[in-house]
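Hi everyone, thanks for coming. I'd like to walk you through one model today, starting with a single residue and then moving outwards.

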Amino acid sequence: MQFKEAIDQFSGWRKFKVKIQTVRGYDQTLRQFCLFLRNPEIEDITINHVMDYLNGMKDMGWDQNSFVGKCMALRKFFEFYRLQGYAVINEELIPIMQAERKLPRVATVEEYKKLIGAIPPKTNDPRHIRNLALINLLWDTGARNGEILSLNMADLDMERRRALIRTEKAKSRRPFREIFWTADTHGNLLQWIKKRGALEKKNEFKDRDAIFISIANAQSGKRYTIRGVGEMLRKYSIRAKIPYVNAHSFRHRVGHHIIKSGGSSADVMNILGHSSVQSTAIYTMM
């Protein structure tokens with residue numbers, strides 16, 4: 001079987017096991033490797049081919065941590081076909097590099113204020129109104145980008161300023177957790193919900209339950225995407241003349257604040273929805 005055909009079948013199978021983002025990441029890695037080898041038969045690929053590919057990227061200066069996901073993608077691919085009886089390389093031969101521990105990027109209060117200041121005040125533009133409420137929620141809650149974007153209107157308890165969200169990386173006992181927000185954020189969220197209702201009367205939304213929807217583009221009326229949030233934060237960061245502040249830097253700020261204020265690793269785990277206490281170790285190190 002040729003490599004390209006094998007990738008298509010492998011990606012189709014993986015869709016039923018993991019999230020679509022993971023499937024796309026593995027698919028991209030495998031297609032890059034396929035291009036490097038010029039689409040050979042999978043049984044003709046040797047461990048030397050794999051090492052030549054990895055060493056080439058290393059020589060070009062790729063970050064060491066980026067190799068972990070690439071090597072895992074290759075391992076899973078060859079394991080899949082080995083278990084089906086193909087004479088492919090043993091996936092255990094593919095090395096997994098040790099990830100380098102790096103202190104996370106933590107957004108500061110000053111950066112947050114400048115970011116918010118880049119949003120025009122008293123605007124009637126629904127994009128700015130939506131973005132302000134979204135940024136406020138990310139800052140207050142420390143929730144993951146995807147967790148906030150997955151919120152539906154029915155998930156909100158506006159009287160108590162809280163919501164129930166599905167924890168993205170929960171593996172067992174806590175698939176859901178609560179998030180809370182401040183009075184200022186609540187006011188901006190109410191303003192967005194009101195604007196959202198006015199927009200829905202004019203144009204029917206494709207994702208009618210989603211709180212945060214795309215506006216004024218090909219995806220208009222659909223649930224706002226992680227990519228869209230990243231681009232939005234980048235534009236505001238440029239306008240505010242600050243280094244790029246991404247959504248995860250807000251999350252790191254909350255974790256750092258909890259430990260700095262005397263909280264425990266268990267507190268960080270419960271509030272941020274970590275799947276294990278080990279995930280909180282970086283904040284105690286800080």
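**A walk outwards from Gln32**

Let's begin with Gln32, which is partly exposed, at a relative accessible area of 30%. Before I go further, please keep in mind that this is a predicted model. You'll find Gln32 in helix H2, the stretch covering residues 20-37.

So which residues does Gln32 touch, once we set aside its neighbours within four places in sequence? The answer is Tyr53 and Lys70. Take Tyr53: 21 residues separate it from Gln32 in sequence, and the C-alpha to C-alpha distance between the two is 9.7 Å.

Let's stay on helix H2 for a moment. Here Arg31 and Asp27 form a salt bridge through their side chains, with an N to O distance of 2.6 Å. How far apart are Arg31 and Asp27 along the helix? They are 4 residues apart in H2, so about one helical turn lies between them. Now look at how each partner sits relative to solvent. Arg31 is partly exposed, with a relative accessible area of 31%. Asp27, on the other hand, has a relative accessible area of 16%, and because the cut-off for buried is under 20%, it counts as buried. This pair also has company: Lys4, Asp8, Asp27 and Arg31 are linked in a network of salt bridges.

How many salt bridges does the count give? It comes to 15, and I'd like to show you two others.

One joins the side chains of Arg162 and Asp157, at 3.3 Å from N to O. Both ends can be seen from outside to some degree: Arg162 is partly exposed at 22% relative accessible area, and Asp157 is partly exposed at 24%.

The other joins the side chains of Arg208 and Glu200, with N to O at 3.9 Å. The cut-off for a salt bridge is within 4 Å, so this pair is counted. Is Arg208 buried or exposed? With 52% relative accessibility, Arg208 counts as exposed, because that class starts at over 50%. Its partner Glu200 is partly exposed, with a relative accessible area of 24%.

Next, some charges on the surface. Glu5, Glu41, Glu43 and Asp44 form a negative surface patch. Patch members have no salt bridge, so these four acids are not part of the pairs I've been describing. One of them, Asp44, lies in the loop between H2 and helix H3, which spans 47-59.

Let me finish by zooming out to the whole protein. The model has 12 helices and 3 strands. Its C-alpha atoms fill a box of roughly 65 × 50 × 40 Å along the principal axes. Of the 286 residues, 42% are buried. If you take the contacts between residues at least 6 apart in sequence, 58% of them join residues at least 24 apart.

As for the outside, the accessible surface comes to about 16,200 Å², and carbon and sulfur atoms account for 51% of that. And the overall charge? There are 48 positive and 30 negative charges, and their mean positions are 7 Å apart.

That's the tour, and I'm happy to go back to any part of it.

Definitions and conventions: Residues numbered from 1 in each chain as written. Predicted model: local features only at pLDDT ≥ 70, side-chain atom pairs only at ≥ 80, totals over all residues. Heavy atoms only, no water. Helix = DSSP H or I, 4+ residues; strand = E, 2+ residues; numbered from the N terminus. Buried < 20%, exposed > 50% of the residue type's maximum accessible area, 1.4 Å probe, protein only. Contact = heavy atoms within 4.5 Å. Patch = residues over 30% accessible without salt bridge, like charges linked within 9 Å, V, L, I, M, F, W, Y side chains within 5 Å. Areas by Shrake-Rupley, 256 points an atom, 1.4 Å probe, with all protein chains shown as cover. Lys, Arg positive; Asp, Glu negative; His and termini not counted. Charge placed at Lys NZ, Arg CZ, Asp CG, Glu CD.
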